[in-house]
Amino acid sequence: MTINRNDITASVVDGKTYLRFPLAEKEQLFGLGLNFQTVHQRGKILQLHMDHYGGKDNGRTHAPVPFYVSSAGYGVFINSARYITVYAGTSVGKDSRHPPAEKTGTKIKAGVRALTQMP
């Protein structure tokens with residue numbers, strides 16, 4: 001699968017850069033650093049920055065990596081040494097290709113959203 005470049009969005013709000021990448025309905029995500037308890041990252045919010053393991057797979061490890069691989073056959077690398085919060089397919093918007101049931105409407109687009117603090 002190839003991502004349509006027109007479906008990728010970037011914006012800067014309050015000094016933070018937001019990147020959004022589309023996800024297919026059953027697409028899985030792998031990576032984003034050393035995780036001891038999980039392999040699949042879809043549906044998680046990860047805070048990528050250096051920390052000790054602490055017994056939780058929350059993105060705070062001694063080996064965070066701003067790179068993920070999709071089950072659709074592509075990878076995404078965010079070239080930043082700053083703290084990054086990754087929302088790995090945590091919500092689906094009504095305007096997505098796979099909208100939620102009518103009662104759950106949210107405004108966030110389906111996909112991966114990475115947030116990095118800019119200087």
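Two strands count as paired if DSSP finds at least two bridges between them. With that rule in hand, the structure above, which is a predicted model, can be followed from its overall make-up to its sheet, its core and its surface.

The protein has 119 residues, and 34% of them count as buried. Its secondary structure consists of nine strands and zero helices. Read from the N terminus, the elements therefore follow one another as β-β-β-β-β-β-β-β-β.

Three of these strands make up an open sheet, in the order S3-S6-S7, with antiparallel pairing. Strand S3 covers residues 29–31 and strand S7 covers residues 75–77; both stand at the edges of the sheet. Each of the two has a single partner strand, so one side of each is left without a neighbour in the sheet. From one strand to the next, the twist averages 25°.

The pairing of S3 can be looked at residue by residue. Strand S6 takes in residues 67–70, and three bridges join S3 to S6, the two running antiparallel. Gly-31 is found opposite Tyr-68 of S6.

Tyr-68 also leads to the interior, as it is among the residues with the most contacts inside the largest nonpolar core. That core has 15 residues, and the others named for their contacts are Phe-21, Leu-32, Leu-48, Tyr-74, Val-76 and Val-86. Strand S4, residues 44–50, and strand S8, residues 84–88, each supply at least two residues of the core. S8 gives the largest share, three residues.

Val-76 links this core to the edge of the sheet, for the residue belongs to strand S7 and is one of those with the most contacts in the core. Is Val-76 buried or exposed? Its relative accessible area is 8%, and a residue is called buried when that value is under 20%, so Val-76 is buried. Another core residue, Leu-32, is 44 residues away from Val-76 in sequence, while their C-alpha atoms are 9.9 Å apart in space.

Strand S7 also holds Phe-77, and this residue leads to the surface. Which residues make the nonpolar surface patch of about 330 Å²? Phe-77 makes the patch together with Val-65, Phe-67 and Val-69. Strand S7 thus contains Val-76, a buried residue, and Phe-77, a member of the surface patch.

Note on methods
Residues numbered from 1 in each chain as written. Predicted model: local features only at pLDDT ≥ 70, side-chain atom pairs only at ≥ 80, totals over all residues. Heavy atoms only, no water. Helix = DSSP H or I, 4+ residues; strand = E, 2+ residues; numbered from the N terminus. Axes fitted to C-alpha atoms, helices over the stretch in contact; angles between N-to-C directions. Patch = residues over 30% accessible without salt bridge, like charges linked within 9 Å, V, L, I, M, F, W, Y side chains within 5 Å. Areas by Shrake-Rupley, 256 points an atom, 1.4 Å probe, with all protein chains shown as cover. Salt bridge = Lys/Arg side-chain N within 4 Å of Asp/Glu carboxyl O. Core = buried A, V, L, I, M, F, W, Y, C linked by side-chain atoms within 4.5 Å. Buried < 20%, exposed > 50% of the residue type's maximum accessible area, 1.4 Å probe, protein only.
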